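Let's work through some exercises on cysteines and empty spaces in a protein model. Have the sequence and the structure open, and try each task before you read its solution.

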Amino acid sequence: MKKLFNSSIGRKIAMALSGVFLIVFLTQHFLINITSVFSESIFNMLSHFMGNNPLVQFILQPILIVGVIFHFVMGFVLDWQNRKARPVKYAVYKGSRNSMFVSRNMIISGIVILSFLALHFYDFWVPEMDYKYIQVLPEDPDRYYEELIHKFENPVRVGLYCLSFIFLSLHLIHGLSSSTQSLGTNNKYSSIINKISYAFGIGIPAGFCFIALFHFFMHFNT
Amino acid sequence: MKLYLKIWRQKNNKSKGSMIDYEIDNISPDMSFLEMMDVLNEKIIEENGDPVAFDHDCREGICGSCSMFINGEPHGPDKLITTCQLHMRKFKDGDTIYIEPFRAKAFPIIKDLVVDRSAFDRIQQSGGFISINTSGNTLDANTIPIEKENADKAFDAATCIGCGACVASCKNSSAMLFVSAKVSQFSLLPQGKVEATDRVLNMVNQMDEEGFGNCTNTGACHVECPKGISLDYIAKLNREYVKANIKK
């Protein structure tokens, strides 16, 4: 098994598994966030649960952080190895004749998502850690909605978030279908998998965009 | 037709190459691309120059020898053909054509457009065969019933001519399509199942040792493959490789 994970196929399977894990996380993150659009109390309740449940905080959250780091580090390592595999580039290379732009530029969309994650951590995760573990403030189960809408008052931040979601979409469109191929899914399902990848890859980032824009415009004049 | 050619010239593996410009006139649209290259070389020889070295053999799309990267694609702008089957009617009078070798670290340049694809041979030698006694007691393969679907899939995989277009077209120079076809053509058949575990482990191991890149599922290899080898075989290779590792 050690040989498996040192091989090119093993590495791509590891990339696929970590990617699928992050897709599952992204889905639950979206499902919680979308509640903020129609119910302040449900959003506060779910956020309070996620922020204070020991299983989520001390087991799932570290696993998620490891998963994110692994996916990015592995992505950079694979990209570096792939660049080394062709030391002299072609004078003319028409990639658009045989493959999708998004599939050839996963590293670029990945770097944008990584930059976004830095901003997102600075916006939400760092203040959360500060609130709970550094200042050790008394827990207020109703603070989450206010914190969320406060962040989306800034048009620059909303713009950056929406731009990042576009790159997230590009990453997911190829990422989801590619991970199933890496995991050896029989290609008789590839047509339906591609459709699901498009639906998910466009739907989820569009939903996140909608949430950011909704709060920005709803609280624009308040 | 008058054409402007930009061709990669490189003396040997040690020297540094560059794109050199050539002009060529009176090219018939009915010529094959390799015939056009022959005409160019005759012209270069008449001018006491060094002809452009390029690989070719059968000129029927079977041997997998020709290996040029033409205008940004292996085997040129047409699909499901090799360079020898590409005709000049695909180009227009006055066109500029870029001609480069297949580029990959695992395919070092020997001279000009000729690359060393022996990495594929070594992958084949590591497991791309079945061990059958051929000393006179060999059973006729047709005596073993094989379901049609598997026979067809094995045949499709076996149409791979090992030209290397998959490596050349892949942005990562990955050889996964080639290896997956060579693994599958045997593992789908009863005669090949016996050594399937060792075969897939050895061939993937050799592929990695040769310095090919990692597959990122762009699908370029399938599109540019002159035989249209399907990505199905890569998914199958992944499954077989994991299963083989678990077994071992």
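**Exercise 1.** Find out why B:Cys63 is not bonded to the closest cysteine sulfur.

*Solution.* Start with the rule: a disulfide is a pair of cysteine sulfur atoms within 2.5 Å. Next, look at the distance: the closest cysteine sulfur to that of B:Cys63 belongs to B:Cys58 and is 3.5 Å away, which is too far for a bond. Keep in mind that this is a predicted model, where local features need pLDDT of at least 70 and side-chain atom pairs count only at pLDDT 80 or more, while totals for chains, interfaces and linings use all residues. Side-chain values use heavy atoms, without hydrogens and water, residues are numbered from 1 along each chain as its sequence is written, and chains are lettered from A and ligands numbered from 1 in the order in which they are written.

Now widen the search: over all chains, zero disulfides turn up. B:Cys160 is in no disulfide either, with the nearest cysteine sulfur, in B:Cys225, 6.3 Å away.

**Exercise 2.** Decide whether B:Cys63 and B:Cys160 are buried, partly exposed or exposed.

*Solution.* First recall the cut-offs: buried means under 20% relative accessible area, exposed over 50%, and partly exposed in between (1.4 Å probe, protein chains only). B:Cys63 has 29% relative accessibility, so this residue counts as partly exposed. B:Cys160 has 13%, so this one counts as buried.

**Exercise 3.** Describe the cavities of the structure, starting with how many have 30 Å³ or more.

*Solution.* A cavity is a set of points, on a 1 Å grid over the protein atoms alone, where a 1.4 Å probe fits but cannot get out; lining residues have an atom within 4 Å of a point. Grid points are joined across faces, edges and corners, and a volume is the space filled by probe spheres set on the points. The search finds two cavities of that size.

Take the largest cavity: about 100 Å³ of space lies in it. Its lining has 15 residues, and B:Cys170, B:Ser174, B:Cys215, B:Thr218 and B:Cys221 lie nearest the centre.

Then take the second largest cavity, with a volume of about 80 Å³. B:Cys160 and B:Cys225 from Exercise 1 are among its lining residues. By class, this lining has 10 nonpolar, two polar and no charged residues (nonpolar: Ala, Val, Leu, Ile, Met, Phe, Trp, Tyr, Cys and Pro; charged: Asp, Glu, Lys and Arg; polar: the others, Gly among them).

Definitions and conventions:
1 Å grid on protein atoms, 1.4 Å probe; cavity = no way out; pocket = protein on both sides within 12 Å on 5 of 7 lines; lining within 4 Å.
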